[in-house]
Amino acid sequence: MSTALKAALEDLLRRRRLQDDGPPLRGEDRRLCPLPTGLRGVDALVGGGLPRGELSEVYGPRSSGRTGLVLSLVAGCVGRGSLAAWVDPADCFAPASAAAAGVDLARLLWLRGDMRGPRTRRLTEAVAAVATLAGSGLFEVVVLDVAAFPAHDVGRLPGPTWIRLQRIVADSPAALVLLADAHVAHGPRGPSLELRADGPRWSGAAGPGRLLRGLGAELSVGRHRPRLAAFELEASV
Amino acid sequence: MYGCLHSPRPLSAEGALVDIAREFTPRVEGLGTTVLLDLQGLARVWESPAVLGQGLIEAGRGRGLDLQAALASTRMAALLAARGRAGLTVIPPGRESEVLAPLPLELLPLAPERRDLFHRWGLLTLGDLAALPAVGLSERLGSDGARLRRMARGEDDQPLVATPRAESFECTLELEWPVDGLEPLSFLLARVLEPLCAGLRARGRRAAGLVLDLVLVDRRPYRRVVRPAAPSADPRTWRTLALLDLEAHPPDEAVAKITVRAEATPARHVQFSLLDPAQPSPERLAETLARLQPWTAAGRAGAAVLVDTHRPGAFVMSSFGPGAPAAVPPPTSPRAAMRVFRPPLPAHVSLVDGEPAFVSAAAVRGAVVDRAGPWRASGDWWDVAWSREEWDVALRGGGVYRIFRDRMRDAWFVEGEMD
């Protein structure tokens, strides 16, 4: 196909917006398009999704839906044919659960921490790996999962860690997501999504045959004038 | 015109005849102690076929080989004449059958029963066989009979199939002064890798692996093998991969000699699409994974693959090499995830009316305020059997967990946290 014909076809695709989730066309800057999480209420609150080229933070207490929210983001991303990476220094990622959430596991690079090592070393190695992955430009989403670590352990990382990661990812079309137990990433300009657990949802009255139907969660964005959204995540049987 | 060189004695060095033949033409077919040469177009270089044939014999003599040579307009005539006649035989076009006629029938590749049959018929020479009527021979022996008759007449049954050159992609650099440290080695690696990769690209090849043979200053050999996720012929990528490998496994002495050998593989051909997502560059992916060497070397990085079993949480790790996107059906609604404890946390669970009422484990402790279960599952009774009773419990302090009782050991565990 001649270059002129290809350019004309790309212009037509761009003008008609035939492929909103298609691969980037020549000259198209994808950094301006956020990555949708797949949760309508959440996307509406954060301007269409998590921004590329920035470090975003998703944090909350146990069973607040933080992992489900990030998996939904990753599932959408790999579903569009991109690659994602999950850096897991606590080795708590469950592949079966991710597959149930619609993640194509073959397109998700999973880095598992060495559980024999001390926690601080695992965290340091994980941050270095995230820097490598974010700098490679191959991955559309890079997740650093430190939710299993106490906040004071994460707080022991050098102060400029998050700014440094923000700078590494700034020129790439990747979104860097920090999954944590509490707000730890001070400095980067990406959004901080705080989640609160709204309790489990059961399928009926207590007794035999009852199922865990899902988890309720509330999301708040912005620390000074928080905006709220509620959502539910369905449990996999 | 075709030529043939034959050694009546077994050869000490395999391929010696092919090497002689390649001095005359690139198209040669090695057949053990015989080699066939395609001599088309050499008439302008050599004065006459006899001079060319003499040149072939002289070349063999120069290497200590006493060879028989034949030149003919067909491949088969040259082959039979070289095997059956001493010295040089030049067969003028159209006289193949006449020259071959006195040669023994054993020169043809005959099965023992076929040879016995021909002897019973009184056939002793190629001429005897060539003189038989083609139709009668074919009626009695089928297509094989007609084929053997054509061969006895010196007619070609198949074209010359050129033996490919043995490919070797290797580059060596002997150093005047030993080098110590990775930085000077980086420049030297570039010097050997660039011609090596250029050679690979010129032949339409890529390197699937790179064997780096170093000779250290104390004459000890030091070998490293780098095999990335995808083949490449990019010198920059290979240099980075080799350096990253040497960084992780540095030689303990200075390096005196570098030999790099590529494991060649055919180049990858990819049909690109305008509308499908662009695939990641294999070179960059290999480089990135090499940078994560502490993770990949210990098998802690890769893609998870679910195992076809009911055993909860079963998976294996495979190397990360994404192909075309799979059509994974998206879930109808966003799913809660499980965050597992590896290994499951041993727990003490208090029961009231057979239901969990209090859970106590490392980092998980609280009264159970709500629960669902029990769900019993078991399997692998023919191997390492497992049997468990699962509960999903919500604790007073927050958190929803999956706990289970191992029925084989009668012990409770916390498997993971719903999130």
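The following exercises, each with a worked solution, concern a predicted model with chains A and B.

**Exercise 1.** Determine how many helices and strands chain B has, and what share of its residues is buried.

*Solution.* Step 1: the secondary structure of chain B consists of 12 helices and 17 strands. Step 2: chain B has 419 residues, and 33% of them are buried. Step 3: when contacts in chain B between residues at least 6 apart in sequence are considered, 57% join residues at least 24 apart.

**Exercise 2.** Describe the five-stranded open sheet of chain B by its strand order, its edges and its twist.

*Solution.* Step 1: the order of the strands is 2-3-1-4-5, with mixed pairing. Step 2: strand 2 (28-31) and strand 5 (88-90) of chain B are the edge strands, since each pairs on one side only. Step 3: from one strand to the next, the twist averages 15°. Step 4: strand 2 of chain B is joined to strand 3 (residues 34-38) of chain B by four bridges in the antiparallel sense. Within this pairing, B:Val35 of strand 3 is the bridge partner of B:Gly30.

**Exercise 3.** Establish whether strand 1 of chain A is enclosed or open, and identify the strands with which it pairs.

*Solution.* Step 1: strand 1 of chain A covers residues 55-59, and five of its five residues are buried, so the strand is largely enclosed by the rest of the structure. Step 2: in a regular strand, side chains alternate between the two faces of the sheet. Step 3: on one side of strand 1 of chain A lie A:Leu55, A:Glu57 and A:Tyr59, and on the other A:Ser56 and A:Val58; all are buried, and both faces are covered. Step 4: strand 5 (residues 175-180) of chain A runs parallel to strand 1 of chain A and is joined to it by five bridges, with A:Leu178 as the bridge partner of A:Glu57. Step 5: strand 6 (residues 192-202) of chain A also pairs with strand 1 of chain A in the parallel sense, over three bridges; here A:Glu194 is the bridge partner of A:Tyr59.

**Exercise 4.** Characterise the contact between chains A and B, in particular the side that belongs to chain B.

*Solution.* Step 1: chain B contributes 51 residues to the contact and chain A contributes 60 residues. Step 2: several elements of chain B give two or more residues to its side, including helix 11 (282-291) and strand 14 (364-379) of chain B. Step 3: strand 10 of chain B gives the most, with six residues. Step 4: by class, the side of chain B comprises 33 nonpolar, seven polar and 11 charged residues. Step 5: strand 10 of chain B also pairs with strand 3 (residues 108-112) of chain A, through two bridges in the antiparallel sense; A:Leu111 has B:Ala301 as its bridge partner.

**Exercise 5.** Locate the largest nonpolar core and name the helix that gives the most to it.

*Solution.* Step 1: the largest nonpolar core has 130 residues, and A:Val74, A:Val141, A:Val143 and B:Ile403 have the most contacts inside it. Step 2: helix 3 (residues 66-79) of chain A gives the most to this core, with eight residues. Step 3: the core lies between domain 2 (170-266) and domain 3 (338-418) of chain B, because both give residues to it. Step 4: leaving aside neighbours within four places in sequence, the contacts of A:Val141 include A:Leu35, A:Val74 and A:Val177. Step 5: a second, separate core has 39 residues, among them B:Val28 and B:Leu148.

How values were computed: Residues are numbered from 1 along each chain as its sequence is written. Chains are lettered from A and ligands numbered from 1 in the order in which they are written. This is a predicted model: local features need pLDDT of at least 70, side-chain atom pairs count only at pLDDT 80 or more; totals for chains, interfaces and linings use all residues. Two strands pair if DSSP finds at least two bridges between them. Axes are lines fitted to C-alpha atoms, for helices over the stretch in contact, and angles run from 0 to 180 degrees between N-to-C directions. A residue is buried if 20 or more other C-beta atoms lie within 10 Å of its own, exposed if 12 or fewer, and partly exposed in between; C-beta atoms are placed from the backbone. Two residues are in contact if their C-beta atoms, placed from the backbone, lie within 7 Å. Ala, Val, Leu, Ile, Met, Phe, Trp, Tyr, Cys and Pro count as nonpolar, Asp, Glu, Lys and Arg as charged, and the others, Gly among them, as polar. A nonpolar core is a set of buried Ala, Val, Leu, Ile, Met, Phe, Trp, Tyr and Cys residues joined through C-beta atoms within 7 Å. Domain bounds come from an automatic or database domain assignment.
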